[in-house]
Amino acid sequence: MTIRVLIADDQEGIREAFRMVIDAQPDMRVVAEAADGKSALAQAELLRPDVVLADIRMPVMDGLELTRRLAGPEAAEPLKVVVVTTFDLDEYVYTALRDGACGYLLKRSGPNLVIEAIRAAVSGETLISPQITVKLLRKMIPPQAPTSTGEALSERELEVVRLVARGRTNTEIAGELFISAGTVKNHLANVQRRLGVRNRVEIAAWAWSTGQVTA
């Protein structure tokens, strides 16, 4: 299956860079670009891409409103939205994820993470840029975060959970633990099932709320 991507960013150079990286993937292609949120909304509703990459600060309609309209609780047919921005302000991150974003990346994270975030979104996962600080992750613990220990996790699963809570990507976790990225993904699937959580954001929230990681 080819993953169809829409890029929304008011900087032409950024759109071109993302297009080059995405179109270089054998299973991805860019189907549209937009320089403002209103145009992105119209094209997304018309084309129904698999993933929308959305900057935050855009003219006419910003990326947070675009995310809410495309992926929020009131969206009739939600789309996958990954926010890609230069800003790591707490309120931006929280608002984007609350309103349905499947990822939050900083532009300085690099092209590989953008590709990983697109794949994660399609798989139903949420990826947050590693440059977002541990302090920010801890502040983002939602009120509904599970506080029980859930079904017992293995020591290896706890190692993976602690690294997720510190903002590591699957590739980085694999490198630190000397295992494959596929094995990391399997561990995360088991962790989600055992803890009764939906994604890596809630895994991180569980880790902080139960004291598995500390500042």
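**Notebook: sheet, Arg15, pocket and cavity**

I began at one end of the sheet, where strand β5 (residues 103–106) and β6 run parallel and are joined by two bridges. Within this pair I noted that Tyr104 stands opposite Ile128 in β6. I should record here that I am working from a predicted model.

I then followed the whole sheet, which is open and made of six strands in the order β2-β1-β3-β4-β5-β6, with parallel pairing. Its edge strands are β2 and β6 (127–128), each of which pairs on one side only.

Next I went to the β2 end, and looked up how strand β2 (residues 28–34) is held to β1: the two run parallel and six bridges join them. For Val5 I found that the bridge partner in β2 is Val30. I also checked the burial of β1 (residues 3–8), and found this strand mostly covered, with five of its six residues buried.

I looked up Arg15 after that, and located this residue in helix α1 (residues 12–23). Is Arg15 buried or exposed? I enter Arg15 as buried, because its relative accessibility is 11% and the cut-off for buried is under 20%. The side chain of Arg15 makes a polar contact of 3.1 Å with the side chain of Glu33. Setting aside neighbours within four places in sequence, I listed the contacts of Arg15 as Ile7, Asp9, Asp10, Glu33, Ala34 and Ala35.

I turned to the second largest pocket, for which I noted about 230 Å³ of space. Which residues lie nearest the centre of this pocket? Of the 13 residues in the lining, they are Glu116, Arg119, Glu125, Asn170 and Lys185. I saw that α5 (111–122), α8 (170–177) and α9 (181–195) each supply at least two residues of this lining, and I sorted the lining of the pocket into three nonpolar, five polar and five charged residues.

Finally I looked at the enclosed spaces, where the count comes to two cavities of 30 Å³ or more. The second largest cavity holds about 40 Å³ of space, and I wrote down its lining as Glu125, Thr126, Leu188, Gln192, Arg200 and Ile203. Helices α9 and α10 (200–209) each supply at least two residues of this cavity lining, which divides into two nonpolar, two polar and two charged residues. Comparing entries, I noted that Glu125 lines the second largest cavity and is also among the residues nearest the centre of the second largest pocket. Helix α9 likewise appears in both entries, as a supplier of at least two lining residues to the pocket and to the cavity.

Definitions and conventions. Residues are numbered from 1 along each chain as its sequence is written. This is a predicted model: local features need pLDDT of at least 70, side-chain atom pairs count only at pLDDT 80 or more; totals for chains, interfaces and linings use all residues. Side-chain values use heavy atoms; hydrogens and water are left out. On a 1 Å grid over the protein atoms alone, a cavity is a set of points where a 1.4 Å probe fits but cannot get out, and a pocket is an open set with protein on both sides within 12 Å along at least five of seven lines; lining residues have an atom within 4 Å of a point. Grid points are joined across faces, edges and corners, and a volume is the space filled by probe spheres set on the points. Helices (H or I, at least four residues) and strands (E, at least two) are DSSP runs, numbered from the N terminus. Ala, Val, Leu, Ile, Met, Phe, Trp, Tyr, Cys and Pro count as nonpolar, Asp, Glu, Lys and Arg as charged, and the others, Gly among them, as polar. Buried means under 20% relative accessible area, exposed over 50%, partly exposed in between (1.4 Å probe, protein chains only). A polar contact is a pair of N or O atoms within 3.5 Å; within protein, one must be able to donate a hydrogen and the other to accept it, and residues adjacent in sequence count only if both atoms are side-chain atoms. Contact means heavy atoms within 4.5 Å. Two strands pair if DSSP finds at least two bridges between them.
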